[in-house]
Amino acid sequence: MNLASMRRFALAAIASMGLAACGINSVPAAEENAKAKWADVEAQFQRRANLIPNLVEVAQGAAENERSILTEVTEARARATSINVSADDLGDPAKMQEFAAAQGQLGQGLGRLLASFEAYPQIQSNQNFLALQSQLEGTENRIAVAIRDYNESVRQYNTTIRTFPDIIGANIIHGAEPLEPYASVTEGADVAPEIDLTSS
């Protein structure tokens, strides 16, 4: 390799390192990470929505007095699953708030339904119900973890597009916009319902 070729190679290497330092790679990588974490949040909310019909079916026969709560949970599930937030909507505060509100209502209704079952020992002794209760508790924990991971990835992305030197690539090349973290809009919606079915 002659001296001119070595200089060109060195200049190309320096230029590529300079571009990488300006957000060419880091901005889209951070954005894709945040979108992947959002997909995890959606998957956990979908898992919860999928478990609810089973819970309602197990409870319906024994909890006739709780019919209004069963109806409320079923309707809240329908609302929650009808609101979709795609990766393109992650920068839209109104869309994120609408999604969070629907999920919060579903979580509150689910918490009331599970709490009301303490009055029904025949439900508590049902193995299907106990297994379902355990799955729901686990799902609520998974939701909390997925939201925490998503919010951390949004924080990292938003920091990346606002700090030097990545801000150069974020503004000039990518036109990057900040993403919205997930925030519950219903008081207490970010906390898994407390479920105590030990009393009879």
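This passage describes the salt bridges of a predicted model.

Residues are numbered from 1 along each chain as its sequence is written, and side-chain values use heavy atoms, with hydrogens and water left out. Because the model is predicted, local features need pLDDT of at least 70 and side-chain atom pairs count only at pLDDT 80 or more, while totals for chains, interfaces and linings use all residues.

The structure holds 4 salt bridges, each defined as a side-chain nitrogen of Lys or Arg within 4 Å of a carboxyl oxygen of Asp or Glu. Helices, referred to below, are DSSP runs (H or I, at least four residues) numbered from the N terminus. Accessibility is given as relative accessible area: buried is under 20%, exposed over 50%, and partly exposed in between (1.4 Å probe, protein chains only).

Let us start with the pair that links two helices. R48 and E140 meet through their side chains at 3.2 Å, N to O. R48 belongs to helix α2 and E140 to helix α6 (residues 127–162), so this salt bridge ties together parts that are 92 residues apart in sequence. R48 is buried at 3% relative accessibility, and E140 is buried too, at 8%.

Two further pairs sit within single helices. In helix α6, R155 and E152 have their closest N and O atoms 2.6 Å apart; these residues are 3 positions apart, about one helical turn. R155 is partly exposed at 44%, as is E152 at 32%. In helix α2 (residues 26–60), K35 and E31 lie 4 residues apart, again about one turn, and their side chains form a salt bridge at 3.6 Å, N to O. E31 is partly exposed, with a relative accessible area of 24%.

Terms used
Helices (H or I, at least four residues) and strands (E, at least two) are DSSP runs, numbered from the N terminus.
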